[in-house]
Amino acid sequence: MNSVGEKLNILRSNRVVSNAKWMIAEQAVQMIVSFVIGMITARYLGPANYGVINYCYAYIAFFTAVAGLGIEAIVVKELIACPEKEGEIIGSSIILRLFAGMLSVVSILLILFFVDSGNELILRVGFLQSIVLVFKAFEIIDYWFQSKLQSKYASILKSISYVLVAFYKVYILVSAKSVEWFAFSTSLDFLIIAVLLVWAYFRHSGSKWKFSVSISKLLLRQGYHFIISNLIITVYAQIDKVMIKHMIGEADTGLYSAALMICTYWVLVPTAIINSMRPIIMELKKDGKESEYKRKFSQLYSILIWLGIVVSLVISVLSPFIMKVVYGEKYVLASGALSIAIWYTTFSTLGVARGNWLVCENKNKYAKWFVFFGAVVNIILNLILIPIMGIEGAAVATLITQIVVCFVGPVVFKDTRENAVQMLKAFVLK
């Protein structure tokens, strides 16, 4: 007869699997909807206008790191460790992110005003896209559901939002609206998600929100390492678009962004896997089950590595066909960039998974140094390779950067070397 501990482990494993299924299903819905609508949108806007959208988004992505405050994994950890304080944790997190989001919107508009002075279209597009940073504050509620292994509810609501925004995009496509309407679509998506998540939180007896100075300080103290690292990550993830726009032109920015968008669609799947395994890994660490905790991380790394290799190989071979079918003849020129860039996603997702390890081991301070090395490498390589190879050069720079961040950075520091070794061992499925 199974012991009580074994029964609890089986029950918990079943909950993890069920939770993972819902999160992956939600990401699948998002991927399918984004793929279909994104394909039509890119064709409709053309490389130049599509380049404007993605150029402005580069700044939004940079400030997403600021507005997020680096507290995602920390919130889940604190909710698991101190469930009796969930009202204070959720309330403090949302208020902090609302304030950071509003400051970010103002900062983006000021930067665009000085960098692209006189370009009213870019200012309008930038503003309509940037207000998403305010609505994203309510993503914290999603982490509350994750901590309870109840992602089913958040996943269903987010899928509803994706579908509603898809109808909005179909309407503006049929009505032949201007690029500004497309710029607002992402903000509309997160506005709907915010409203639905707030409703679901209180519908499922969530604690009343309270603002706590002590908890806010705790979150910021633990999160600031990730704010810095996320900022640097965004620099080397988005600087290529900014550099391409100013060194080559908006049309090439659109081509390169279309190639990266294919990569983004695929990354939704490993991201769902990481998010679904995060609560159980953190709970194993909390309970002191070190061997099982390490085994789960090894399993996660192996899944991400080999799933990434298979998908990258297929997309590399079929890249000209994919770009032609998805975006049309005008975007086939981006197929070379896609065949190179797709390989960076494996190393990128490994880096995301390692972020959870840093939180569990209280080694957050190293995150910023890993990505600092990557940012320096990325900027130097972009300056060298973009003038020589164009958008393919930017793709090569991104790939090399992710390898540096994933393996070279952690090897430099003694405290993180074991994790780099664990990742390397995961390649052999041991």
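**View A. Helices α2 and α3 are roughly antiparallel to each other.** Welcome to the first close-up of this predicted model. Helix α2 covers residues 72-81 and helix α3 covers residues 86-115. Look at how the two pack: the angle is about 165°, and the axes are 10 Å apart. Angles over 145 degrees count as roughly antiparallel, which is why this pair earns that description. As for handedness, α2 passes α3 in a right-handed crossing.

**View B. A salt bridge joins R124 and E120.** Side chains of opposite charge can pair when their charged atoms come close. Here you can find such a pair: the side chains of R124 and E120 meet with a distance of 3.8 Å from N to O. Where do these two residues sit along helix α4? They are four residues apart in this helix, which spans residues 120-130, and so they are separated by about one helical turn. In the model, the count of salt bridges comes to six.

**View C. Helix α10 crosses helix α15 obliquely.** Helix α10 runs over residues 250-286, and its axis comes within 10 Å of the axis of α15. The two axes cross at roughly 45°, and the helices are therefore oblique to each other. In which sense does α10 pass α15, right-handed or left-handed? The crossing is right-handed.

**View D. Helices α14 and α15 come together with their axes within 8 Å.** Helix α14 holds residues 367-389, and helix α15 holds residues 391-412. Their axes cross at roughly 160°, which makes α14 roughly antiparallel to α15. The passage of α14 by α15 is a right-handed crossing. What kinds of residues make up this contact? There are 17 nonpolar residues, seven polar ones and one charged one.

**View E. A nonpolar patch of about 990 Å² lies on the surface.** Stay with helix α14 for this last close-up, and look at its part in the patch. Which element gives the most to the patch? The answer is α14, with nine residues. One of the residues to look for in the patch is I380, whose place is in helix α14. Other members that you can pick out include W369, F372, V376, I379, L383 and I384. The patch also takes in I388 and M389, along with M247 and I248.

Technical notes
Residues numbered from 1 in each chain as written. Predicted model: local features only at pLDDT ≥ 70, side-chain atom pairs only at ≥ 80, totals over all residues. Heavy atoms only, no water. Axes fitted to C-alpha atoms, helices over the stretch in contact; angles between N-to-C directions. Parallel < 35°, antiparallel > 145°, perpendicular 65-115°, else oblique. Left-handed = near helix turned anticlockwise from the far one by under 90°. Nonpolar A, V, L, I, M, F, W, Y, C, P; charged D, E, K, R; others polar. Patch = residues over 30% accessible without salt bridge, like charges linked within 9 Å, V, L, I, M, F, W, Y side chains within 5 Å. Areas by Shrake-Rupley, 256 points an atom, 1.4 Å probe, with all protein chains shown as cover. Salt bridge = Lys/Arg side-chain N within 4 Å of Asp/Glu carboxyl O.
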